[in-house]
Amino acid sequence: MISFIVKTGDKIYDISELVTKVSFQETLNEGCSKLDFTYIKRDLDIKNGSIVRFTYNSVGIFQGYVFKISRGRDKEISITAYDQLRYCKAKDTLFLKEDTVSTITNKMCNYFHLSKGTIEDAKFVLPVGVQEDKTWLDIIYSSISDTLKAKQKWYVLRDEFGKVTLREMGNLYLNLILGDASLCYDYKYEKSIDEDFYNMIKLVAVDEEARKASVTVAKDDKSISSFGFLQYFEKVDKKYTSAQVKDMADSLLGLYNREAESVSLECLGNTKVRAGTSFQAVISDIGLDNRLIVKSVTHQFLPLHTMSLEVMI
């Protein structure tokens with residue numbers, strides 16, 4: 001059922017029968033995925049930098065590198081491994097010119113010598129400029145955010161079994177129902193305006209040479225009457241046209257002017273469920289019958305495959 005292959009130095013080991021616990025965790029556009037596992041020590045000493053390949057029922061779940069090893073007096077060794085995006089936490093300075101989030105992703109893979117999978121063409125050309133003293137991941141996440149605002153296309157950067165991919169989330173629909181009568185055995189529901197809720201969007205483009213600022217506003221008076229005045233503010237590049245900035249403001253208002261509903265689910269496991277995928281959720285108690293996007297997921301594989309999900313409505 002599970003297969004664990006470890007490469008340490010020039011030697012390759014199959015430790016499938018020695019592994020006692022396995023947990024795989026990833027969060028949407030928040031860095032690398034993480035694999036935690038324990039194994040019973042015999043003749044093998046896994047070292048930092050060793051390569052780990054984990055498959056479950058012949059499905060590739062994780063391929064990455066060991067970054068942490070811990071042990072006590074017993075013979076169980078605890079290992080933490082990350083996928084290759086871990087190396088992209090390095091800070092750098094990038095000059096962007098005619099770049100999209102796709103071209104930056106390709107540059108990152110080439111720079112760090114990462115294996116690439118599908119890199120979808122985001123098509124939205126980012127403003128010319130310098131990104132200074134930021135991690136490669138933060139630059140890409142910022143570019144994904146800019147692309148979402150401009151084109152209403154949302155992308156996920158992730159490692160898929162040893163291949164860095166960039167995918168548009170609209171292409172990650174699963175033919176899967178989770179809920180009352182399907183795989184789910186517990187849930188928690190929350191509705192909030194405490195975070196990421198704004199009914200007034202204010203975007204400002206500053207032209208320092210001309211000593212002037214252009215202000216663009218989008219707001220919802222009915223929402224302000226109901227919830228109070230909650231403003232979002234952002235400086236935008238002066239090279240955007242007025243129409244582009246207005247589109248951004250309207251897009252942000254549509255994105256943020258709604259009560260944030262979140263649901264966490266405890267379910268039997270499905271290996272297709274990863275951060276960025278979406279599925280149909282049906283929970284009658286809260287009147288939920290929607291397609292939801294997975295914000296974060298933790299799979300536990302032993303003794304049974306279960307998963308804990310945080311999803312966005």
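**Figure 1. The salt bridge between K246 and D250 in a predicted model.** K246 is partly exposed, with a relative accessible area of 35%. Its partner D250 is also partly exposed, at 36%. The closest N and O atoms of the two side chains are 2.9 Å apart. K246 and D250 are 4 residues apart in helix α4, so about one helical turn separates them. Side chains of opposite charge can pair when their charged atoms come close.

**Figure 2. The salt bridge between D146 and K149 in helix α2.** The N to O distance of this pair is 4.0 Å. Both residues lie in helix α2 (residues 136-151), 3 residues apart, about one turn of the helix. K149 is buried, because its relative accessible area of 8% is under 20%.

**Figure 3. The salt bridge between D207 and K238.** The side chains meet with an N to O distance of 3.8 Å. This pair links distant parts of the chain, 31 residues apart: D207 belongs to strand β15 (residues 200-207), and K238 to the loop between β17 (231-236) and α4 (242-256). D207 is partly exposed at 21% relative accessibility, and K238 is partly exposed at 42%. Across the whole structure, 11 salt bridges are found.

**Figure 4. The largest cavity and its lining.** The cavity has a volume of about 70 Å³. Among its 14 lining residues, E26, T27, G31, L157 and R158 are the closest to its centre. Strand β11 (155-159) gives the largest share of the lining, 4 residues. By character, the lining comprises 6 nonpolar, 4 polar and 4 charged residues. Domain 1 (2-82) and domain 2 (87-170) each contribute at least three residues to the lining.

Terms used: Residues numbered from 1 in each chain as written. Predicted model: local features only at pLDDT ≥ 70, side-chain atom pairs only at ≥ 80, totals over all residues. Heavy atoms only, no water. 1 Å grid on protein atoms, 1.4 Å probe; cavity = no way out; pocket = protein on both sides within 12 Å on 5 of 7 lines; lining within 4 Å. Points joined across faces, edges and corners; volume = space filled by probe spheres on them. Helix = DSSP H or I, 4+ residues; strand = E, 2+ residues; numbered from the N terminus. Nonpolar A, V, L, I, M, F, W, Y, C, P; charged D, E, K, R; others polar. Domains from an automatic or database assignment. Buried < 20%, exposed > 50% of the residue type's maximum accessible area, 1.4 Å probe, protein only.
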